[in-house]
Amino acid sequence: MVRDSKRISAPDNCSSPNNFKKKPELQNIVHDGIRNDGRAAGELRPISLQVGIVPSVTGSAFLECGKTKVICSVNGPRDILIKSESSSKGQLYCEFKYAMFSCKERQSYLPTNEEMIISRSIQDALEPVILLHKFPKSRLDIIIMVLENDGGAISAAITCAGAALLNAGVEMYDQPVGCSLVHCNSEFLVDPTAEEEFFSKSKEECKYMSLAMMVEYKNQVIYMDSSGCANYSLLSESLQSIQTSCHQLLTEIRFCMIQHVNDSHKYDDEPNEKDIVKKAEAQLKLFQHQKYMNAFLENSIRPDARSITKFRPVLIDISAIGTAFGSALVKLGRTSVLCGIKAELTNPLTNEPDKGFFVPNITLTSICSNRYVPGPPCEQAQVYSQIVMDLWKNSSFIDPVDLCIIPNKLVWCLFVEMTCLSCDGNVLDACILALMAALKNTKLPKVLVDEETNSIEVTDDLLDLKMNFVVLSVTYAQLGESVIADPTSEEESLAKGSVTIFLKDNQEVNIHSVGPIKDDQLFHCIDCSKTRYSEMTTILESLN
C-alpha cells in the first residue's frame, strides 16, 4: 500500500462498514414507468448552477445535478512550467478528483488510476472546444472536484468545467454539455442516479452511456463512454435521447449564466462621482497596497468597512453531503470550507486496546485560490492538518475511548477532510469551525459482534457521536501598530505577524504566535476571543 507522507496517516487495516452490512438485492429500478426517485424515464434531475463563487481564481462554477455536486476552478493563462514545451498553441491541464467523502466508499487522497484516466479524458474532450491558439506559450489549469457523487459525475464535471471557462472569459467554439443514460427493461433512463448506474453495470442486459457534446456546433461529440453491447438501432436511439437531454441542459445552463451576468454587471450609462472614487481607490490599491491599507487603519477601519476587532459574518450549513457520516459547510465572509467525515472499522493498537483513531486532513488546492498549484498538499495545508491533530490530542474534544466498540478487537477510525472551496483569509478558523459543526451532526451505525464466531454486523441504526468539548480558534493579524481580527487574504499578505488563540470551554488552551506582539494587545485578543467563542458555540448549539 502506498504511503502518503504529506498527510496524517491512518491504520492500514481499515474496512468500510458497508462490507459488514446485509446487502438487499435490487430487483428493479423502474416501476410502471416511474423510477425510484419519482422521475419519469426521460426526466432530468433539477440542476442549480452558480458561477464566480471563488473570487481568487480566474473563473469558477458550482453545479448541483440532483444530489451530485461538482465544483470547478479555472486558473490562467499562466506560463508553461517546462519551457521546451512552449509552442504557438496554448496548453490545457485538467485535474479531476473525488473528495474523500464524496462516494459511498471512502476515496483515496492520492490520485487513483481511475481519476487520472478521467482527467485525461476530460482534457481531451475540452481541448477541441477551447480556442487554444489564443493563448500562445501559456496554459490553462482546470481543477474539478466532485463533492458528492450520486451519478453522472463525469458528464456533470464537463458541464461545470464549461461554465467555469465561460466565467473566466475563455473563448470557446461552443458551451460543452454532458449527460448520461441507462437502458434497462426497454426504457432509456436519462440522467441516472448512482443506484441506477450501479444496477445497470451489474446486469448484462442493461447498457450505460455517458456523452458530452457541443450542441450548437453541429452536435459535435467531444466525449463518450459506454458499457454493454448495443446494436446499431439501440445506439442510434441512445444518442438521440442524450442529444435531446443535452439541448434541455444547455437551455437551463444558459439561463443561469444570463441571470448571473444580469446580477453582476449593472453599469450606469455615464460614470458618476462614486464610480470615479472607486476607480481611484482601485488604482491606489494596485500600485501602493500598503499605503492603501494604512489609510484605512489610521481611522480604525478596514477596506471592507469592518472595525479592527470585528469578525466577518458566519453561515453554517450542516448535513451538506449525503454520502458523509457527518458534514458541514462554513462560510466566513468569502472564505468557504466544507468538512466531511467518513468512519471505518479497524483493530486498535496493542498498547491502546480501547482507543479509536482520528485522522484529520486539510485540503488547499488551486480550486480555492490561484496561490496554490495542482499536486501534493502544500506546506500550509500540512501545517494546518498537524495543528488540528495536536488540538485533538491535547483537548480530546472526541475521546478516543468513545470510538472503541470491543476492546482489543474493534474500534472506529474517523477520517476527516476539511476542503477549502474559496480562500479569502483565515482558513484555519473556518476549518476548525466546520470540523466542530460536522462532528456535532455525525452519526455512526450500531455495530454488533458475535462473541462466539467474532462475526461483525453493521446495522442501519444510527447513534450520535459523543462530543466532550467544543474547541475553536480565533486568529488575529498584526498590521503596523494595529492587531485586527479575522484577517482577509489581502490583510494576511501585508501582516508582519499573527496570533491564533485556541479555546476550550471558553478558556484558552494554546496560543500560537508568529512575530512579536505586545502584552496588552495579547490580553485584548484573548478577551475578544472569549466573546467570539460564546457567539460561535451558541450558533453550534442551535444547529439541528
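This passage describes two β-sheets, the helices that pack on them, and three backbone features of a predicted model.

One of the sheets is open and consists of five strands in the order β3-β4-β5-β7-β6, and its pairing is mixed. Strands β3 (47-51) and β6 form the edges, each of them pairing on one side only. When direction is ignored, neighbouring strands of this sheet are turned against each other by 15° on average. Five bridges connect β3 with strand β4 (residues 59-65) in the antiparallel sense, and within this pairing Q50 stands opposite F62 of β4. Helix α1 packs on the sheet through contacts with β6 and β7, its direction making about 140° with that of β6. Helix α2 also packs on this sheet, where it touches β3, β4, β5, β6 and β7 and makes about 45° with the direction of β5.

The second sheet described here is likewise open, with four strands in the order β9-β8-β10-β11 and antiparallel pairing. Because β9 (187-190) and β11 (220-227) stand at its edges and have a single partner strand each, one side of each is left without a neighbour in the sheet. From one strand to the next, the twist averages 20°. Strand β10 (residues 207-214) and β11 run antiparallel and are joined by seven bridges; Y208 has S227 of β11 as its bridge partner. Helix α2 (residues 153-167) packs on this sheet by touching β8 (176-184), β10 and β11, with its direction at about 165° to that of β8. Helix α3 (residues 194-202), in turn, lies across β8, β9, β10 and β11 and runs at about 55° to β8. Helix α2 is thus in contact with strands of the four-stranded sheet and with strands of the five-stranded sheet.

Helix α1 (residues 113-126) was examined in further detail. At 1.5 Å a residue, its 14 residues should span 20 Å, and the distance of 20 Å between its end C-alpha atoms agrees with this expectation. The buried residues of α1 are E115, I118, S119, I122, Q123, A125 and L126. Viewed down the helix axis, the buried residues of α1 fall within an arc of 160°, and therefore line one face of the helix. In an α-helix there are 3.6 residues a turn, so residues three or four places apart point the same way. N113 and I117, on the other side of α1, are exposed. The packing partners of the buried residues of α1 are β6 (91-98), β7 (138-148), α2, β8 and β11.

Three backbone features were also noted. Most residues other than glycine have a negative phi, and most peptide bonds are trans. The peptide bond from G76 to P77, however, is cis, with omega near 5°, and P77 belongs to strand β5 (residues 68-79). Residue D191, in the loop between β9 and α3, has a positive phi near 55° although it is not a glycine; with a relative accessible area of 6%, D191 is buried. A positive phi, near 60°, is also found for N454, which is likewise a residue other than glycine. N454 is placed in the loop between β18 (443-449) and β19 (456-464), and its relative accessibility of 43% makes it partly exposed.

How values were computed
Residues numbered from 1 in each chain as written. Predicted model: local features only at pLDDT ≥ 70, side-chain atom pairs only at ≥ 80, totals over all residues. Heavy atoms only, no water. Pairing = 2+ DSSP bridges. Helix = DSSP H or I, 4+ residues; strand = E, 2+ residues; numbered from the N terminus. Axes fitted to C-alpha atoms, helices over the stretch in contact; angles between N-to-C directions. Contact = heavy atoms within 4.5 Å. Expected span 1.5 Å × (residues − 1). Buried < 20%, exposed > 50% of the residue type's maximum accessible area, 1.4 Å probe, protein only. Arc of directions from axis to C-beta.
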